[in-house]
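Thanks for coming. I have one structure to go through today, and I will keep it short.

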Amino acid sequence: NGNTVLFLSGILVLMGLSVWLRQRKQVLFYGRYRLESSSDTRVQIPAKVAWIIQELPSFVVPALLIYQSGSLDTLGSKLLLFLFCGHYFHRTWIYGYFTRGGSVQISFVLRSFLFCTCNGYLQGHNLIYCTKYDDSWTTDFRFLFGILLFLMGMAFNIHSDNLLRKLREPGDLSYKIPRGGLFEYISAANYFG
């Protein structure tokens, strides 16, 4: 089991490197870089639908792994997987519902779907089958600090997403620079969390 996780993690890292190298040569037509020309023949889908489709595997795959396994052995694994699934429940359904924007290339959505499927599988499989924590671990300072850090990051992420949504009126697709919150200190506060 551990070798499978290590192998798939290596593939995920290689996928990330290949995307990074590709983007150094060619801009990905997403967000403010999206092509608006009518000559663009790429298949597009609405942003709300795209977001839900691409993020869904990170929530569903670990949930299916939990269902298949019957249960989680330790409280530590349960808490970590609950936090992961809670984060992706928010990213899939809540953020997906409220997101604004135009359409997104289907190829981008499919690549994101593939990444989220691998990510959900790796996180779920590792926490269910590979990693074992005794119950005393959940009172360890490192665990408690990690939970606090996670919750702060999620709060920063949600707050920053709300600020970004309020930048534009419905139907406005123009690019705007966000202000307030952590955007006063860093340019991508929504990713910082």
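I will start with the chain as a whole, move on to three helices and how they pack, and finish with three single residues.

What you are looking at is a predicted model. The chain contains six helices and two strands. Read from the N terminus, the order of the elements is α-β-α-α-β-α-α-α. Along the principal axes, the C-alpha atoms fill a box of roughly 55 × 35 × 30 Å. Of the 193 residues, 33% are buried. Take the contacts with a separation of 6 or more: 82% of them join residues that are 24 or more positions apart.

Now helix 2, which covers residues 47-69. Does the span fit the residue count, or what should we expect for 23 residues? At 1.5 Å a residue the helix should span 33 Å, and its end C-alpha atoms are 34 Å apart, so the two figures agree. That agreement sits alongside a kink of about 40° at Leu 56, shortly before the proline Pro 57. After the helix comes Gly 70, with a positive phi near 95°.

Which residues of helix 2 are buried? They are Ala 47, Ala 50, Trp 51, Gln 54, Glu 55, Pro 57, Ser 58, Val 61, Pro 62 and Leu 65. Glu 55 and Gln 54 are on that list, as are the prolines Pro 57 and Pro 62. The cover over these buried residues includes strand 1 (44-46), helix 3 (75-98), strand 2 (103-105) and helix 4 (106-130).

Two of those covering elements are helices, and I will take them in turn.

Helix 3 comes up to helix 2 with the axes within 8 Å, crossing at roughly 160°. The two helices are therefore roughly antiparallel to each other, and their crossing is left-handed. On the helix 2 side, the contact is made by Lys 48, Trp 51, Ile 52, Glu 55, Leu 56, Ser 58, Phe 59, Pro 62, Ala 63 and Ile 66. On the helix 3 side, the residues include Leu 81, Phe 84, Cys 85, Tyr 88, Phe 89, Arg 91 and Trp 93. Leu 56, where helix 2 has its kink, is among the contact residues.

Helix 4 and helix 2 also have axes that come within 8 Å, here with a crossing of roughly 25°. That makes helix 2 roughly parallel to helix 4. The crossing of this pair is right-handed.

Helix 3 itself has 24 residues and reaches 33 Å from first C-alpha to last, close to the 34 Å expected at 1.5 Å a residue. It has a kink of about 30°, centred on Arg 91, and Arg 91 is also one of the residues in contact with helix 2.

To close the set of three, the axes of helix 3 and helix 4 come within 9 Å and cross at roughly 165°. That makes helix 3 roughly antiparallel to helix 4. The crossing is left-handed. Contact is made by Ser 77, Leu 80, Leu 81, Phe 84 and Tyr 88 of helix 3 with Asn 119, Gly 120, Gln 123, Gly 124, Leu 127 and Ile 128 of helix 4. Leu 81, Phe 84 and Tyr 88 of helix 3 appear both here and in the contact with helix 2.

Now the single residues.

Val 109 is in helix 4. Is it buried or exposed? Its relative accessibility is 1%, and the cut-off for buried is under 20%, so Val 109 counts as buried. Beyond its neighbours within four places in sequence, Val 109 is in contact with Ile 45, Ala 50, Ile 53, Gln 54 and Val 104. Ile 45 is 64 residues away from Val 109 in sequence, and the C-alpha atoms are 8.8 Å apart.

Thr 99 lies in the loop between helix 3 and strand 2. Thr 99 is buried as well, with a relative accessible area of 9%. Leaving out residues up to four places away, Thr 99 touches Ala 47, Lys 48, Trp 51 and Arg 165.

Last, Gly 181, in the loop between helix 5 (141-165) and helix 6 (189-192). With a relative accessible area of 36%, Gly 181 is partly exposed. Apart from neighbours within four places, Gly 181 is in contact with His 159 and Leu 163. His 159 is 22 residues from Gly 181 along the chain, with 7.7 Å between the C-alpha atoms.

Definitions and conventions: Residues numbered from 1 in each chain as written. Predicted model: local features only at pLDDT ≥ 70, side-chain atom pairs only at ≥ 80, totals over all residues. Heavy atoms only, no water. Helix = DSSP H or I, 4+ residues; strand = E, 2+ residues; numbered from the N terminus. Expected span 1.5 Å × (residues − 1). Bend = angle between axes of the 7 residues up to and from the residue. Buried < 20%, exposed > 50% of the residue type's maximum accessible area, 1.4 Å probe, protein only. Contact = heavy atoms within 4.5 Å. Axes fitted to C-alpha atoms, helices over the stretch in contact; angles between N-to-C directions. Parallel < 35°, antiparallel > 145°, perpendicular 65-115°, else oblique. Left-handed = near helix turned anticlockwise from the far one by under 90°.
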